[in-house]
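Please show the structure, and let us read some of its features through questions and answers.

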Amino acid sequence: MLYLQALCGSALADEVDIKKVKWQKIKDFFHHRETIILEAMREEERERSVRRHKAMTRERKTDFAARHKLMQRPQELVRPFSERSEHGFPSDDPVSPPVDQCYRVLMDLVDRNLSVLNGEDPSALDESIRTKLKVLSCGKIQLVPMAKETSDKRANKHFTLDVCNDLSNLIDIWPFDAWISICKCMDYWIWGRNYNFLHNMRDDAVPAALLESETRDYIDAGLLLNSPYISVLREERDIDLIISLDFSESDPFMTVREAADMCRKQNIPFPEVNIPSEDVKKPKDFYVFTGKNTPTVIHIPLFNVINCGDEIEAWRIKYRTFQGSYSAEMITDLMEVAGKNISNNREKLLEQIQAVIQKKIFRRFNNSGCSLI
C-alpha cells in the first residue's frame, strides 16, 4: 500500500526562532507605524463619542423622562470601577481608557516576549505592565504573581494571555482588538507543526531521533540553501545537467556559490564557481559552470543587464520577498522579464543540453569498452 503524507511547514520551523522573528516583526511594525496606529484608535474613539452624543440628543427630543434619565448618565460614566459591568465599563455605552496608555502596555508586552525568548530578564517590563494595568483599571486588575521564574516559557504564555484578556476588557476599539488577537495567536503557536507518522515505529533503518517525538516541525529547505541543489545531487540520481533559475532577493550568485562550497565540504561532485567581480552588481543572463566528473550547471539570474538594463536594483526593490500580494500588472511584468531569460538564451540552452548528451554517450561507450567508430 502506498502511503502519501502531506507536510505543511513553516519557514523557520523552530518555535523559538519563529517567535523571535515574528515578535520582532510585530515590534518593528508598531514602531514604524505608531503614529498611524494611534491615530486610527483615536479616530475610532472620536467616532464613538460622536455616536454617543447623537444618541443623547435623540433622547432629549423624546420626553422629559428621557431627558431626566440622560442627566444621570455622566455620573454613570464616571462611577467607580467596582460598580461597572464585568468588562469594566457600562456595556451599553462603553468609555475606554486613554488609547495611548493601553498601546504602551501592548508594546511592553511585545518587548517582554522578546526578552524571554532572548534569555534576558523581563522583570522590569513585567513590573511596568502590572503598574500600568493597575492604574488603567483603577486598581481593579491585579495580575497574579508568577509561581515560576518570570522567564519560564509556560509562565510567559499565561502572562501574555492574561494581559491580552485584561486589555480586551479595558478597551473595545477594533484596531486594538486586531493587534491583541495577533499577540494571542503568537502565544498559541502551532503553525508548521505536523503529526510525526514515524512516532513509535520499530524500524532499525529509521534514525532513533525521528521516532521519539509525537510532532515534528519542518523547516523550509531554502533556509539551508535558497535553491534545491542538494536534493538533486544525491549519487543515485546521476545528474548531468542543472539549470538554475535563480530568484534570490539579494546576491544573484549566493545559491550557486554556497552549493559549490557545501558540495566541496561533503565531497559531492560539483563544478568550481568563479564569478567576475563586476558581475555581482550587474549580472549577465547566462552562466555555465563545468568540471571534470561533475554535472554542468547553468545559472540564470532573474534580473540581469539583458532584461533589465541599468534598472536591476529597481526591479529587485519592486519584487521583494517580504511584501504584499502582487497586482495583476506586476505579475505580467515579472513573467515577461523572466520569460526573456529563456527566450533570449534558447540556442545556448539547446547547445549545452546537446553537449551534455554527447558527453554522457561518450562516457557510456568508454565504460562499456566499445568504440564509437
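The dialogue below turns to a surface patch, a cavity and a pocket.

Q: What kind of model is this, and how are residues numbered?
A: This is a predicted model, in which local features need pLDDT of at least 70, side-chain atom pairs count only at pLDDT 80 or more, and totals for chains, interfaces and linings use all residues. Residues are numbered from 1 along each chain as its sequence is written, and side-chain values use heavy atoms, with hydrogens and water left out.

Q: Which residues form a nonpolar patch on the surface?
A: Patch residues have over 30% relative accessible area and no salt bridge (a side-chain nitrogen of Lys or Arg within 4 Å of a carboxyl oxygen of Asp or Glu), and nonpolar side chains (Val, Leu, Ile, Met, Phe, Trp, Tyr) are joined within 5 Å. Here Ile243, Leu245, Phe247, Ile342, Leu350, Ile353, Ile357, Ile361 and Phe365 form the patch, with about 740 Å² of accessible area together (Shrake-Rupley method, 1.4 Å probe). The elements giving two or more residues are β3 (241-246) and α14 (346-368); α14 gives the most, with five residues.

Q: How is empty space found, and what lines the largest cavity?
A: Rolling a probe the size of a water molecule over the atoms shows where empty space is left. A cavity is a set of points on a 1 Å grid where a 1.4 Å probe fits but cannot get out, and lining residues have an atom within 4 Å of a point. The search finds one cavity of 30 Å³ or more, and the largest cavity holds about 50 Å³ of space. Its lining consists of Asp246, Ser248, Ser250, Pro252, Pro301, Leu302, Phe303 and Arg316.

How values were computed: Patches are made of residues with over 30% relative accessible area and no salt bridge: like charges are joined within 9 Å, nonpolar side chains (Val, Leu, Ile, Met, Phe, Trp, Tyr) within 5 Å. Helices (H or I, at least four residues) and strands (E, at least two) are DSSP runs, numbered from the N terminus. On a 1 Å grid over the protein atoms alone, a cavity is a set of points where a 1.4 Å probe fits but cannot get out, and a pocket is an open set with protein on both sides within 12 Å along at least five of seven lines; lining residues have an atom within 4 Å of a point. Grid points are joined across faces, edges and corners, and a volume is the space filled by probe spheres set on the points.
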